[in-house]
Amino acid sequence: MDENTDTGIDDRSIEREVEALLFASDIPLAAAKLAALTGAPSSRRVLEAIGALSRFYGESGRGFTIVEVAGGYQLTTLPEFSGVVSRLFKGRKKAKLTLPALETLAIVAYKQPISRMQIEAIRGVNCDGVLATLIEREVISISGRGEGIGKPYLYSTTKKFLEYMGLKDFGDLPSLDELERRFAFDAEPSKPLVPPPGNQSDDGGAPDADGQ
Amino acid sequence: MTYQVRLVQFEGPLDLLLHLIRRDKINIYDIPISHITREYLGYIEIMQELELEVAGEFFVMAATLMRIKSQMLLPRHEGFEEEEADPREELVRNLLEYRKFKEAAHHLASKEEDRRKVFPRTAATPPAEEPADEGFEVSLYDLLEALQSVFKNINQQAVYHVVPDSVTVEQKIEAIRATLARRSEVLFTELFIGEFAKIEIIVTFLAILEMIKLGELVARQMSHAADIWLYKPGVDSYIDANGSPNG
């Protein structure tokens with residue numbers, strides 16, 4: 001490639017160093033980490049560099065871009081090339097998560113840290129197998145032990161969860177209230193049967209798990 | 001002849017109730033408890049008839065529904081309405097809570113889908129290629145509903161056939177494999193053509209479930225209540241956007 005003067009990249013070594021780091025890394029790199037590695041004066045300077053690189057990739061029609069995910073930055077191919085890249089990886093298959101697994105994962109994501117009993121109280125079914133799958137896929141992990149009988153394990157999502165879902169952070173997920181509002185088409189009860197969820201914290205007693 | 005088909009990750013009783021509520025366009029805040037109990041028990045019955053492993057939670061819920069139903073029948077004390085809780089309250093609260101997370105799960109599914117279209121620089125575990133993205137995979141309930149209509153059809157025809165009782169799930173699986181070796185897709189109902197005996201239909205159905213479990217079959221439909229198509233996973237097949245050439 002010939003000397004570019006209008007990309008704002010060539011001589012500015014921070015851009016090129018950031019590019020090299022993103023190229024070499026197999027995990028998203030946080031701006032602060034990139035700053036520390038490159039010796040950039042600030043994270044903000046790194047963000048500028050990332051911005052310049054993204055624009056350059058877009059304008060020069062690359063097949064990849066920089067995405068913000070799991071609190072960091074990462075080079076990925078563009079979605080429109082999913083077909084051709086999939087052909088490269090054909091056969092090395094990793095299944096999508098099943099709906100029960102996604103349900104359980106959603107509960108952990110919104111209610112973490114949470115015990116198996118509490119998850120089962122919400123889903124109404126045994127969740128042993130699903131939790132094992134999610135741990136095996138490294139999207140959740142045991143993050144501690146709860147109070148109460150037997151000091152149950154508590155589960156939380158991992159950084160890999162954000163990465164797997166392509167989320168920047170938890171702010172990327174719709175709030176529980178927002179999810180509730182999606183069902184606003186339901187006829188409202190004349191007199192609310194269930195008091196509006198004001199203090200839904202699950203401190204204190206765990207929700208009773210039995211259906212009786 | 002006892003076959004146990006264990007579905008790897010079974011949705012639970014709340015899921016079934018939400019399915020019924022959606023299907024019958026029921027107001028979740030005012031559930032007609034006798035109707036829903038009847039429908040719910042109907043499902044449990046057919047699952048048992050198929051010797052599917054019905055998780056204990058389903059029976060607990062059945063008991064809960066029947067308890068609520070009987071409480072609704074009790075005369076209410078005049079003048080105490082304020083105090084008296086609706087016996088459905090706890091169930092409704094559970095359903096609303098569960099429904100939120102079900103919605104969250106769908107949101108995650110679409111995030112997952114998007115993310116699987118892009119590949120990080122070092123793809124240690126590259127996402128898989130999925131079968132053609134037409135329609136959606138059907139749930140066990142959709143399959144059970146389709147089975148119910150197969151039963152309805154034979155009842156209407158009222159023909160009695162004697163079948164040798166040696167038909168096994170394995171043989172049916174072989175037959176379905178043979179069909180899919182010739183064609184890339186097959187209509188769910190097609191597999192029951194010429195079957196009039198309940199046991200034979202059940203064996204075919206179990207064979208389908210077993211193959212889905214083994215990952216040899218994918219069941220998809222364009223919309224609820226549309227025809228269900230069965231595919232070999234990974235085969236580049238699609239359903240035409242209008243649904244299907246019904247026949």
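I began with the largest nonpolar core (buried Ala, Val, Leu, Ile, Met, Phe, Trp, Tyr and Cys residues joined through C-beta atoms within 7 Å; buried means 20 or more other C-beta atoms within 10 Å of a residue's own, with C-beta atoms placed from the backbone). Of its 47 residues, I found that Leu105(A), Ala106(A) and Val108(A) touch the most other members. Two or more residues each come from α5, α6, α7 and α8 of chain A and from α1 (13-23), α2 (33-49), α3 (56-73) and α4 (89-115) of chain B. Helices are DSSP runs of H or I with at least four residues, strands are runs of E with at least two, and both are numbered from the N terminus.

A note on my source: this is a predicted model, where local features need pLDDT of at least 70, side-chain atom pairs count only at pLDDT 80 or more, and totals for chains, interfaces and linings use all residues. Residues are numbered from 1 along each chain as its sequence is written, while chains are lettered from A and ligands numbered from 1 in the order written.

Next I looked up Leu105(A): beyond its neighbours within four places in sequence, its contacts (C-beta atoms, placed from the backbone, within 7 Å) are Leu97(A), Leu134(A), Val139(A), Ile140(A) and Leu108(B).

Then I turned to the interface, where 54 residues of chain A contact 50 residues of chain B. On the chain A side, α5(A) gives the most, with nine residues.

Last came the open sheet in chain B, with four strands in the order β1-β3-β4-β2 and antiparallel pairing (at least two DSSP bridges between strands). β1 (136-137) and β2 (185-187) of chain B are at the edges with a single partner strand each, so one side of each lacks a neighbour in the sheet. I also saw Glu137(B) opposite Arg220(B) in β3(B).

Notes:
Two residues are in contact if their C-beta atoms, placed from the backbone, lie within 7 Å. A residue is buried if 20 or more other C-beta atoms lie within 10 Å of its own, exposed if 12 or fewer, and partly exposed in between; C-beta atoms are placed from the backbone.
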